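Colleague: I would like a close look at one part of this model. Take me through its geometry and surroundings, then through the empty space elsewhere.

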Amino acid sequence: MTSEQLVVWRALMDTTNDLRRVLGARLLRETGLSPADYQVLLALSEADQRRLRSSELADAVDWERSRLSHHLARMERRELIRRDECATDSRGAEVVLTEEGARRFRAATAPHLRAVREQFADALSAQQIDALAGILRDLRQHLKGEA
């Protein structure tokens, strides 16, 4: 790699980390949900009947199962989700979005999207957004070819 490529790579990593940190802190402060909570609630809200098998949820949020299990226990104590036995496989469990979880997710969505707009979209011109969309599309296609 060239030194310029390394500088750009490092800037991408640092900026991504900064965005996650700023948006995560604001999400927690404004809604009481952590970024991890929001990620799980988003996946469940998009799932059929607001439920997913634990393994499907782990894949959807791209987490190791042990991390997911620990986090789900914390979310269950706060009544954001519940875990039911899987009707088709007694060894598995389904994670279900509760009414409280759905309510908290809906309440968090507008403040979170406002923060994303303010911290990300407002910082870029329409042309920069278009260019970034193309760059990200190309990177994802490249990575899919590697998988």
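Modeller: Helix α4 comes first, then a nearby topic in the backbone, then the empty space.

Some ground rules. This is a predicted model, so local features need pLDDT of at least 70 and side-chain atom pairs count only at pLDDT 80 or more, while totals for chains, interfaces and linings use all residues. Residues are numbered from 1 along each chain as its sequence is written, and side-chain values use heavy atoms, with hydrogens and water left out. Helices (H or I, at least four residues) and strands (E, at least two) are DSSP runs, numbered from the N terminus.

Start with length. Helix α4 takes in residues 65-77, 13 residues. The expected span of a helix is 1.5 Å times one less than its number of residues. For α4 that gives 18 Å, and the end C-alpha atoms are 18 Å apart, so the two agree.

Which residues of α4 are buried? They are Leu68, His71, Leu72 and Met75. Their arc around the axis is only 105°, which puts them on the same side of α4. That arc is taken over the directions from the helix axis to the C-beta atoms. Buried means under 20% relative accessible area, exposed means over 50%, and partly exposed lies in between (1.4 Å probe, protein chains only). There is a general reason for such spacing. An α-helix has 3.6 residues a turn, so residues three or four places apart point the same way.

What does the buried side meet? Its residues pack against α2 (35-46), α3 (54-61), β2 (81-85) and β3 (93-97). Contact means heavy atoms within 4.5 Å. The face turned away from the buried side carries the exposed residues His70 and Arg77.

Two residues of α4 deserve their own lines. His71 has 8% relative accessibility, so it counts as buried. Setting aside neighbours within four places in sequence, His71 is in contact with Ser34, Ala36, Asp37, Val40 and Trp63. Ser69 is also placed in helix α4. At 35% relative accessibility, Ser69 counts as partly exposed. Its C-alpha lies 9.0 Å from that of Ala58, and 11 residues separate the two in sequence.

Now the backbone. Most residues other than glycine have a negative phi. Glu79, which follows α4, has a positive phi near 60°. Gln49 has a positive phi of about 60° and is not a glycine. Arg50 is not a glycine either, and has a positive phi of about 55°. Gln49 sits in the loop between α2 and β1 (51-53). Arg50 is found in the loop between α2 and β1. Gln49 is exposed, with a relative accessible area of 61%. Arg50 is partly exposed, at 25%.

Next, empty space. The search runs on a 1 Å grid over the protein atoms alone: a cavity is a set of points where a 1.4 Å probe fits but cannot get out, a pocket is an open set with protein on both sides within 12 Å along at least five of seven lines, and lining residues have an atom within 4 Å of a point. Grid points are joined across faces, edges and corners, and a volume is the space filled by probe spheres set on the points.

The largest pocket has a volume of about 1,700 Å³. It is lined by 35 residues, and the closest to its centre are Leu12, Thr16, Leu19, Arg20 and Leu136. The elements giving two or more lining residues are α1 (3-31), α2, α5 (99-119) and α6 (126-146). α1 gives the most, with 12 residues. By class, the lining divides into 23 nonpolar, 8 polar and 4 charged. Here Ala, Val, Leu, Ile, Met, Phe, Trp, Tyr, Cys and Pro count as nonpolar, Asp, Glu, Lys and Arg as charged, and the others, Gly among them, as polar.

The structure holds 1 cavity of 30 Å³ or more. The largest cavity has about 40 Å³ of space. Its lining is Leu23, Arg26, Leu27, Glu30, Thr31, Pro111, His112 and Ala115. α1 supplies the largest share of that lining, 5 residues. The classes there are 4 nonpolar, 2 polar and 2 charged.

One lining residue closes the tour. Arg26 lies in helix α1. At 12% relative accessibility, Arg26 counts as buried. Beyond neighbours within four places in sequence, Arg26 is in contact with Arg114, Ala115, Glu118 and Gln119.
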